[in-house]
Structures are given as structure tokens and as C-alpha cells.
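Student: I've got a new model open and would like to talk it through with you. Can we start at one spot and work outwards?

Tutor: Sure, let's take a look.

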Amino acid sequence: MCIFAATLLLAIAAIAGHKVAPPQPISSPQDVLTYHGDNLRTGWFSSETQLTTSNVNPQSFGLLQAVVLDGRVDAEPLVVMQQPIAGQGTHNVVYVATENNSVYAVDADAGAILWQRNFGAAVPYQFKKSDDNVFPAMGILGTPVIDRTAGAMYFVADSYNGISDTFYLHAISLSNGRNLLKPAAIHFFELLPSGVKWTFMPKYHLQRPGLLEANGSLYIAFGSNGDTQPDKSRGSIMRYDPATLTQLSGQITNQRHKSSLPYYLSSIWQSGYALAADANGDVYFSTGNSDRFQPSYSALNLPESVVHLSGDLSTLVDSFTTFNYFKLDQHDTDMGSGGTLLLPDQPGSIPHLAVAGGKDGRAFLLNRDQLGGFTRGGPDNVLQVVNMGSCWCGPAYFVGSDGASYVLTGGRNGVTSWQLQTSPAVQLMQASSTGAAAVSGLPDNGGSIPVVSSNGTTPGSGIVWFVQKPSTSSDNDPGTSITLNAYAASDLTQQLVSIPAGAWTHAVNSNANLVPTVANGKVYVASNKQLQIFGLLSAGAKVHPAVLPKSLVPSSPAVISCSPKVAPRRALGGGSAAVHDFYGTICQVNGDELHLSLRGGQSIVVDASPAFLQNRPILLTPGRPVHIVATIDGKGVAHAEEVSPAHIVSSSTPPDR
């Protein structure tokens with residue numbers, strides 16, 4: 001933020017009667033003020049002097065502190081060194097935001113809660129069309145951003161008044177957690193080319209991507225709540241003045257309008273990965289799926305794309321849309337499930353690079369000066385395509401001790417290191433990988449979001465960290481166990497530690513897209529109702545000296561049983577349609593035979609073998625809600641043509657038919 005903007009923020013706060021944030025010390029290299037550490041989203045914590053490949057091992061590295069929180073945490077923890085706290089002196093502080101709309105300031109070394117503030121009632125998932133991707137409530141979902149000069153943290157809270165929900169943009173003091181300005185209710189509308197006015201409706205949106213501060217502005221992006229009502233949802237990005245919380249501009253990714261059979265979306269969600277900005281202040285992000293029934297790419301709609309906007313959001317500078325975007329739209333394999341990484345400037349004729357990819361497993365190496373546009377029929381006009389495996393994830397970047405640049409992908413194939421070659425051709429060369437087992441987990445083995453710590457390029461200091469999702473599921477707090485993994489950055493076949501690091505509820509249908517933060521010899525992992533702090537153990541201490549409070553001991557996996565079995569056609573009450581829809585919960589799987597519990601206390605058996613011949617395979621985990629499109633043969637056997645993820649069956653779920 002510029003000096004003028006910071007001064008204005010303090011002046012306005014004083015005029016409004018709010019307590020002014022105290023003068024702030026100069027930022028430390030150990031500070032982590034934004035998602036993945038910088039606006040390029042490299043995830044490279046390059047000033048870590050304490051943790052090395054020699055001392056991060058089961059004997060000398062472990063759990064130091066466990067802090068009880070009031071809700072689930074999707075946002076990455078942020079760290080501020082030597083931060084003044086009102087009435088409590090100066091501390092190294094880790095800030096954590098929960099889905100219960102609370103923000104905590106925690107002593108980053110001792111684990112003591114310095115202050116906690118709540119910013120309104122969270123939204124029950126049932127209100128958001130029973131979207132259980134975020135479970136059981138939605139509050140502060142996207143990672144906040146900290147402006148140390150202004151002494152402020154900015155975040156968006158989704159607040160519920162019992163009737164409706166509203167997104168509020170907050171600016172709070174790092175010192176005491178109080179609002180520096182009156183929170184701004186987020187309202188937005190767009191006049192479409194058709195002349196129709198589209199109004200942003202909070203009920204049908206989530207604020208997943210981490211916030212971006214650049215150009216003296218705050219950028220906030222929205223996507224849908226689980227595609228529950230596509231005609232109400234469009235990818236949206238808005239720009240705010242951090243000094244006043246005034247909305248400056250906005251843009252949507254899909255400007256289409258149809259009076260019949262509408263279908264919109266092109267969401268911005270990125271599994272929580274934040275919007276990125278380059279040195280010019282231009283903004284980058286990926287978009288998700290749009291119309292599954294007919295091709296919809298045009299000048300009015302950018303589905304399955306990497307988008308490059310000017311910093312004022314007025315101009316579409318460039319974009320890339322994969323040639324087979326409609327296939328991705330049809331099968332919910334959206335590119336927008338992964339984030340867009342901008343690489344620092346590279347030597348050679350193509351200095352400005354980006355990496356992005358999503359559910360279908362492709363990672364695209366892009367030239368930011370010419371992203372590639374849309375090539376009907378293909379091939380895509382990109383620098384390279386590599387296979388990372390299906391991805392609810394985001395890439396990272398670092399420079400190794402050999403002086404080479406590396407990109408990390410976190411897809412289903414495992415966390416993989418790719419060495420960047422800039423001559424004679426720009427391309428990624430696979431260096432090493434953890435293998436798929438290290439990133440396996442519910443709901444779909446969709447990978448992880450890695451980060452890297454190192455002391456610059458000092459040999460033996462590079463460590464890759466990531467959180468592995470649960471392998472089982474429970475809806476009881478705190479949920480089933482997540483795992484913190486660490487590998488040598490120079491060789492991802494060399495595992496350093498694998499440690500239980502928290503818990504997650506409803507993993508069967510809710511992705512734990514968690515990012516560890518590394519600062520000053522500590523690793524911070526926030527999950528459901530807890531923050532765990534890891535670091536080097538004292539000489540002679542046990543491997544895990546900290547004892548988890550009873551409330552944080554992981555839950556036992558849920559036990560799933562089937563309702564009484566009936567014939568599929570009987571479950572529908574008869575009928576002679578050729579194709580049928582069933583919504584229910586998987587209760588048992590025997591090879592290709594899937595048992596599905598339906599409403600009304602009954603279950604059916606479905607042959608699932610045909611479903612994944614043409615469609616994206618999903619994990620058939622007992623307890624998972626699914627939508628099955630099936631035929632029923634002359635013998636009364638149901639054969640699935642498509643099995644796709646669904647949400648918990650509720651009053652808004654379409655009828656079986």
C-alpha cells in the first residue's frame with residue numbers, strides 16, 4: 001500500500017471513532033502476509049534458516065503446540081514477526097481465520113491466544129442449497145491478506161442473520177482485532193450485453209480464493225456454492241480501496257443470458273488458491289466449468305480458462321482456453337479447481353511464465369505475454385502440457401541449490417518437481433516425485449498444495465511441505481486425521497517426516513485444501529477447530545512432547561450401513577423411462593457393484609462398471625452423496641451411465657425419477 005493510502009486509512013479510522021492501529025515495525029523476511037507468501041503465489045519461504053533436511057526428522061522435529069479454535073479453517077495461517085499487541089507487548093504472531101467467522105491472534109512460539117474476535121454468525125451449509133463442500137458452516141473461507149504498513153488485516157466474512165446471508169469486507173487491527181473501518185457489505189451488479197441486469201446473490205456464491213492486495217487495491221473473487229444453481233452463479237472479481245473499503249470496479253467471467261435453458265458459472269474458486277498479480281499489477285486467475293449441454297465459449301464467456309485482466313479490471317488483456325473445454329464442462333473436470341502460478345522473471349526470450357491446471361490432470365506451461373487464446377479443435381497454443389494428475393491443488397516455485405528453477409505440482413500423481421529449462425526451448429523436465437500414495441485421500445485423491453522452505457539456495461536447506469487429506473471420514477468433531485509431510489526439495493523420493501497434523505470433518509465430500517505456513521523455524525497447520533505448531537524439539541525431548549487436548553483427538557471413521565434393499569424400478573414407483581436419475585448416499589461397494597441408500601429408508605444395487613468408460617472416475621466411498629444416471633434392463637438391473645459427486649440429500653435435491 002502507498003504511504004498516502006496508509007495515512008488515509010488511519011485518518012478515516014480516527015474520524016470514525018475507531019481505535020487507530022499503532023505504528024508498525026518494518027516487515028521481516030519471515031513475515032507471511034499473503035497466500036503462498038507473495039503475489040506471484042510461489043509458495044517459497046526462502047528465508048528459513050533453522051529447518052534443514054538434516055534436522056527435520058522424527059527424532060528432532062515434532063508437535064510443539066496445539067491451539068483449540070472455534071471452527072474449521074480453510075484459510076492459510078499468516079505470520080507477522082515482532083507485532084505489537086495491545087496491552088501485551090510485542091510478539092511473533094500467527095493469525096488464523098475460521099469458518100465460524102472468528103479471527104485469532106496466537107503467539108507464534110508459545111501457542112497462547114493473544115486475542116480472538118468474532119465477526120457475525122456463520123452460514124449453515126443447508127442455507128447454501130446444502131452445499132456440503134464446505135461443512136458444516138461457511139464463514140471466512142478465503143485466505144485474508146495483511147498490510148503491515150497499515151497495521152491491518154483484510155478478509156471477507158459470510159454472515160447469516162437467520163433469513164439471508166451477506167458477505168462483508170473487514171479491515172481489522174493487527175494489534176487488537178477490532179474493525180478499523182465500518183465493514184463493507186459486498187453488493188455488485190453487471191449490465192449484460194443483452195440489456196439484462198445481473199445482480200450478485202450471496203446465497204449462490206462462495207468466496208474461496210485468497211485475497212490479493214496490489215496496485216493500492218484489494219481484489220476479491222467469487223465462485224458458485226457447489227454448482228447447486230448454475231443460473232444464479234457467475235465468476236466474479238471485485239476491486240476495493242483498502243483505505244475506505246469502497247468498491248472501485250468489478251468484472252464477471254460469464255456475460256451470457258438466455259431466457260430458456262440458462263446455464264452460466266465460469267466460477268473463480270481455485271481450491272482456495274489466491275488471485276495472482278504480476279510486476280505491472282495485472283491480475284491472473286483460472287475459471288471453472290460452464291454450460292454442460294452446449295458449447296458456450298465466446299467473447300462473453302471464458303470457461304475452463306486462465307484469465308489476465310488489467311489492474312483496474314476494465315480490460316481483458318489476454319486469456320487461454322483449452323481446446324476441449326466443452327468436454328471438461330460436460331464432465332465437471334474444470335480447470336478452475338487449480339490455481340495459477342506466476343513465475344519470477346526468467347532468462348531467455350520468454351521471461352514471463354505461468355503454470356495452471358485442474359481436474360483433468362493436465363498442467364499447462366504458459367507464456368504470460370501470449371497466453372494462447374482458444375484454438376478450436378486443438379492443439380492448444382501453449383509452451384507445454386505435462387501430466388500432473390487430477391488436481392484440487394496449486395503449484396509452487398523455488399530455486400534449488402543447483403541454481404536451477406523448479407516448479408512443483410501437487411496433482412494426483414504426487415507432488416512432483418519439474419526443472420525449468422529456458423534454452424534452447426522453454427519446457428519443464430520432471431526431476432523427482434513423491435509418488436501418488438503421498439497425496440492420496442478423500443474425496444478424490446486430488447492432490448495437495450505444496451510449499452517450499454529454504455535458506456536461499458543453501459544446500460541441504462530446501463524442504464517441500466504439504467498436507468495430505470484424510471483417508472477416512474467422520475462428521476463428528478474434530479474429524480479424521482490429516483498428515484503433514486516433508487520431503488527433501490532436491491529429491492522428492494526422500495521423505496523426512498510424516499506426522500498427524502490435525503483433523504477434518506466430512507472428508508467424504510469436502511476437500512481439505514490446506515496449506516502449511518513455514519516461518520522462523522516453525523510450521524503452522526490449521527484444520528478443523530485447531531492450529532498445530534511444529535518445530536525442532538528440545539534436546540532429549542520425546543518425539544511429540546505436546547499432548548493433544550481431548551477435544552482434538554481425531555474421530556473414529558463413520559460406520560455406514562445400507563437401508564433395506566428394493567428393486568430399482570420399485571424405488572421409482574414404476575415408470576417406463578429409458579434413463580433414470582437417482583440421488584443418494586453410497587452405503588456399500590463390492591467391486592463394480594454399488595449399493596445406494598435413497599430417501600424413504602430404502603436402497604438399491606447399481607452396476608457402476610459402464611459409468612467411468614466416458615466420464616471422470618470418482619472414489620466410490622461409503623458415505624459419499626452421489627447422483628447416478630442409469631438405465632434399467634429387462635431383468636430389472638440398474639446400469640450406471642454416469643456417477644457424479646452430489647451434495648447431502650435435502651429438500652432441495654431433485655426427485656429420483
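Student: Where is Gly 142 placed in the chain?

Tutor: Keep in mind that this is a predicted model. Two strands flank the residue, β8 (137-138) and β9 (145-147). Gly 142 sits between them, in the loop.

Student: Is Gly 142 buried or exposed?

Tutor: Buried means under 20% relative accessible area. Gly 142 has 0% relative accessibility, so it counts as buried.

Student: Which residues is Gly 142 in contact with, leaving aside its neighbours within four places in sequence?

Tutor: Val 156 is 14 residues away in sequence, with 7.2 Å between the C-alpha atoms. For contacts we want heavy atoms within 4.5 Å. With the sequence neighbours within four places left aside, the list for Gly 142 is Ala 75, Gln 207, Arg 208, Pro 209 and Gly 210.

Student: Now Leu 496: how far apart in space are Leu 496 and Val 56, C-alpha to C-alpha?

Tutor: Leu 496 belongs to strand β36 (residues 495-504), and at 9% relative accessibility it counts as buried. Val 56 is among its contacts, as are Ile 463 and Tyr 487. In sequence, Leu 496 and Val 56 are 440 residues apart. In space, C-alpha to C-alpha, the separation is 6.2 Å.

Student: What share of the contacts between residues at least 6 apart in sequence join residues at least 24 apart?

Tutor: This one is counted over the chain, whose secondary structure comes to three helices and 43 strands. Among contacts between residues at least 6 apart, the share joining residues at least 24 apart is 63%.

Student: Which strand gives the most to the largest nonpolar core?

Tutor: That core has 84 residues, and Phe 61, Tyr 95, Trp 465 and Leu 531 have the most contacts inside it. Leu 531 is in contact with Val 67, Val 94 and Tyr 524, among others. The top contributor, with seven residues, is strand β38 (residues 522-536).

Student: How many residues are in the other core, the one with Phe 188?

Tutor: It lies apart from the largest core, and Ala 152, Leu 211 and Leu 218 are also among its members. Its residue count is 24.

Student: And the charges: how far apart do the centres of the positive and negative side chains lie?

Tutor: The chain has 37 positive and 45 negative side chains. Take the centre of each set, and the two lie apart by 7 Å.

Notes
Residues are numbered from 1 along each chain as its sequence is written. This is a predicted model: local features need pLDDT of at least 70, side-chain atom pairs count only at pLDDT 80 or more; totals for chains, interfaces and linings use all residues. Side-chain values use heavy atoms; hydrogens and water are left out. Helices (H or I, at least four residues) and strands (E, at least two) are DSSP runs, numbered from the N terminus. Lys and Arg count as positive and Asp and Glu as negative; His and the chain ends are not counted. The place of a charge is taken as NZ of Lys, CZ of Arg, CG of Asp or CD of Glu. A nonpolar core is a set of buried Ala, Val, Leu, Ile, Met, Phe, Trp, Tyr and Cys residues joined through side-chain atoms within 4.5 Å. Buried means under 20% relative accessible area, exposed over 50%, partly exposed in between (1.4 Å probe, protein chains only).
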